[in-house]
Amino acid sequence: FWSSRGWYPVRLTYRWLSPSGQPVADGLRTELAHLVSPGQTVTLRAWLLTPPRSGRYILEWDMVREGDTWFSAQGAETLRVPVAVGHIQ
């Protein structure tokens, strides 16, 4: 079971990577709305904060067990999306 409450809460998060795959910044965390059982799927609405500089990045979505591990570090697949960031002045 996954929960965003209690010890080692599980949350959706993301990282910004350079085009070569180097970490640029960690992202915001999104809470799970309820307890998630094995085999269950959920849809989450997440806030996304872009890096401060314009440029090309890779947005990598991952799950994290706070204080313990990122799911990708345990072999789980992530979702990687190329993104061009431009800021309006």
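The largest pocket in this predicted model has a volume of about 150 Å³. Its lining is made up of W2, L32, V36, S37, Q40, T41, V42, L44 and M63. Sorted by character, the lining residues come out as six nonpolar and three polar, with no charged residue among them. If you plan to look at the pocket yourself, here is the general idea behind such a search: a probe the size of a water molecule is rolled over the atoms, and this shows where empty space is left.

## The start of the chain

F1 belongs to the segment before strand 1. Is F1 buried or exposed? With a relative accessible area of 66%, F1 is exposed, because the threshold for that class is over 50%. Setting aside neighbours within four places in sequence, F1 touches L35, V36, S37 and P38. Two of these names, V36 and S37, also appear in the lining of the largest pocket. In the other direction, the C-alpha atoms of F1 and S20 are separated by 35 Å, although the two residues are 19 residues apart along the chain.

Y8 is another residue of the segment before strand 1. Its backbone deserves a friendly second glance: phi of Y8 is near 50°, a positive value in a residue other than glycine. As for exposure, Y8 has a relative accessible area of 46% and is therefore partly exposed.

## Salt bridges across the chain

How many salt bridges does the count come to? The count comes to eight salt bridges. Three of them are set out here, with the N to O distance and the separation in sequence.

| Pair | Closest N to O | Apart in sequence |
|---|---|---|
| R5 and E31 | 3.6 Å | 26 residues |
| E66 and R11 | 3.5 Å | 55 residues |
| D62 and R15 | 3.1 Å | 47 residues |

In the salt bridge between R5 and E31, the closest N and O atoms are 3.6 Å apart. This pair links distant parts of the chain, with R5 in the segment before strand 1 and E31 in strand 3, which covers residues 30-31. R5 has 60% relative accessibility and so counts as exposed, while E31, at 38%, counts as partly exposed.

E66 and R11 meet through their side chains in a salt bridge of 3.5 Å, N to O. Here too, distant parts of the chain are linked: E66 sits in the loop between strand 4 (55-65) and strand 5 (69-70), and R11 sits in strand 1. Both ends are buried, E66 with a relative accessible area of 18% and R11 with 17%.

The bridge between D62 and R15 has its closest N and O atoms 3.1 Å apart. Since D62 lies in strand 4 and R15 in strand 1, the pair ties together parts that are 47 residues apart in sequence. D62 is buried at 4% relative accessibility, and R15 is buried with a relative accessible area of 17%. Turning to bridges with shared partners, R5, R11, R29, E31 and E66 are joined by them into one network.

## A closer look at R15

R15 is found in strand 1, which runs over residues 10-17. Why is R15 classed as buried? Its relative accessible area is 17%, and buried means under 20%, so R15 falls in that class. Beyond its neighbours within four places in sequence, R15 is in contact with A25, D26, I58, L59, E60, D62, W70 and S72. With D62, the side chain of R15 also makes a polar contact of 3.1 Å.

## R29 and its partners

R29 lies in the loop between strand 2 (23-26) and strand 3. With a relative accessible area of 34%, R29 is partly exposed. Which residues does R29 contact, leaving aside neighbours within four places in sequence? The set is R11, L12, T13, V64, E66 and W70.

Two polar contacts give the side chain of R29 named partners: one reaches the side chain of E66 at 2.7 Å, and another reaches the side chain of T13 at 3.4 Å. R29 and E66 are also both members of the salt-bridge network described above. Finally, the C-alpha atoms of R29 and R80 are separated by 17 Å, with the two residues 51 residues apart along the chain.

Technical notes:
Residues numbered from 1 in each chain as written. Predicted model: local features only at pLDDT ≥ 70, side-chain atom pairs only at ≥ 80, totals over all residues. Heavy atoms only, no water. 1 Å grid on protein atoms, 1.4 Å probe; cavity = no way out; pocket = protein on both sides within 12 Å on 5 of 7 lines; lining within 4 Å. Points joined across faces, edges and corners; volume = space filled by probe spheres on them. Nonpolar A, V, L, I, M, F, W, Y, C, P; charged D, E, K, R; others polar. Helix = DSSP H or I, 4+ residues; strand = E, 2+ residues; numbered from the N terminus. Buried < 20%, exposed > 50% of the residue type's maximum accessible area, 1.4 Å probe, protein only. Polar contact = N/O pair within 3.5 Å; in protein donor to acceptor, adjacent residues only side chain to side chain. Contact = heavy atoms within 4.5 Å. Salt bridge = Lys/Arg side-chain N within 4 Å of Asp/Glu carboxyl O.
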